[in-house]
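Here's a quick briefing on one protein chain, pitched for someone at the bench. Have a look at the model first, then we'll go through it topic by topic.

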Amino acid sequence: MALSVEIWETHKDGLLPIQQTFFLLLKNVLKTGYLHLSAFNQMKRKAHPLGIEKVFFDFDYCKNNEILPEAETQKRKTELREEVKHFLKELDDLNIKPLFVQTRRGYHVHIFFDSVYEIDEDVVFSKQTYRQLQLDLLNEYNYRFIDFAVVGDINRMFRIPLSIHEKSG
């Protein structure tokens, strides 16, 4: 069973999350928390963010339900680390300093912008632009462990570091 909690405060520029309250709620009530720094447009049938604050990449050594022998798991983890190091080196060469977080199956890499970029009514164009930016940063390197399901997905949030993963505990 999934629990979704949204806490909002009215602000002169629209709706913004009350981050301190969320962290207290996470610490005292919930075990897993997700964070997206921009407000969502709830007036449409499907909510979409009103802005984009980051580019997100997900590197995993295996799929959700994939069970591997221990030797293969260790081999893939080693290869994954090398691939992520390569990606981080590519970003460093562009003078990009990402936040990267080790996850249960790999790494999340977040590249935060200097501000939130507004998404207008043309959500399809925004998704295409976001996807192209991700592909440009991947720079045509043959990444084996990137989760391409998240490429172009502007709705991706990230689990707050040190919170408990909802599937693996």
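Rings of Phe, Tyr and Trp (its six-membered ring) count as a pair if their centres lie within 6.5 Å; planes under 30 degrees apart are called stacked, over 60 edge-to-face, and the rest tilted. With that rule, a search of the whole structure turns up 6 aromatic pairs. Keep in mind that this is a predicted model, where local features need pLDDT of at least 70, side-chain atom pairs count only at pLDDT 80 or more, and totals for chains, interfaces and linings use all residues. Residues are numbered from 1 along each chain as its sequence is written, and side-chain values use heavy atoms, with hydrogens and water left out.

**The chain overall**

- The chain has 3 helices and 9 strands; these are DSSP runs numbered from the N terminus, with helices being H or I of at least four residues and strands being E of at least two.
- Going along the sequence, the pattern reads β-β-α-β-β-β-β-α-β-β-α-β.
- Of the 169 residues in the chain, 38% are buried, where buried means under 20% relative accessible area, exposed means over 50%, and partly exposed is in between (1.4 Å probe, protein chains only).
- About 11,300 Å² of the chain is exposed, and carbon and sulfur atoms supply 54% of that; the areas come from the Shrake-Rupley method with a 1.4 Å probe, and for residues only the protein chains shown count as cover.
- Take the contacts in the chain between residues at least 6 apart in sequence: 64% of them join residues at least 24 apart. Contact here means heavy atoms within 4.5 Å.

**The aromatic cluster**

- Phe57 and Phe87 have ring centres 4.9 Å apart and planes at 65°, so this pair is edge-to-face.
- Phe57 sits in strand S6 (residues 51-60) and Phe87 in helix H2 (residues 70-93), so the pair ties together parts that are 30 residues apart in sequence.
- Phe57 and Phe87 are both buried.
- Phe59 also pairs with Phe87, this time tilted, at 5.4 Å centre to centre with 50° between the planes.
- Phe59 is in S6 and Phe87 in H2, so this pair ties together parts 28 residues apart in sequence.
- Phe59 is buried as well, just as Phe87 is.
- Ring pairs link Phe57, Phe59, Phe87, Tyr141 and Tyr143 into a cluster.

**The nonpolar core**

- The largest nonpolar core has 27 residues, and Phe57, Phe59, Phe87 and Leu91 touch the most other members. Such a core is a set of buried Ala, Val, Leu, Ile, Met, Phe, Trp, Tyr and Cys residues joined through side-chain atoms within 4.5 Å.
- S6, H2, strand S8 (106-118) and helix H3 (123-138) are the elements that give two or more residues to this core.
- Setting aside neighbours within four places in sequence, Leu91 is in contact with Ile96, Pro98, Val109, Ile111 and Leu137.
- S6 is mostly covered, with 10 of its 10 residues buried.

**The sheet and its helices**

- An open sheet of 3 strands runs in the order S6-S8-S7 with antiparallel pairing; two strands pair if DSSP finds at least two bridges between them.
- S6 and strand S7 (99-102) are the edge strands, each pairing on one side only.
- On average, neighbouring strands of this sheet are turned by 20° against each other, direction ignored. Axes are lines fitted to C-alpha atoms, for helices over the stretch in contact, and angles run from 0 to 180 degrees between N-to-C directions.
- S6 and S8 are antiparallel and joined by 9 bridges; one of the pairings puts Asp60 opposite its bridge partner Gly106 in S8.
- S7 and S8 are antiparallel too, joined by 4 bridges, and the bridge partner of Leu99 in S8 is His110.
- H2 packs on the sheet, touching S6, S7 and S8, and its direction makes about 25° with that of S8.
- H3 packs on the sheet as well, touching S6 and S8, with its direction at about 50° to that of S6.

**Two backbone oddities**

- Most residues other than glycine have a negative phi.
- Asn95, which is not a glycine, has a positive phi of about 60°.
- Asn95 is in the loop between H2 and S7, and at 60% relative accessibility it counts as exposed.
- Glu140 also has a positive phi, near 60°.
- Glu140 is found in the loop between H3 and strand S9 (158-159), and at 80% relative accessibility Glu140 counts as exposed.
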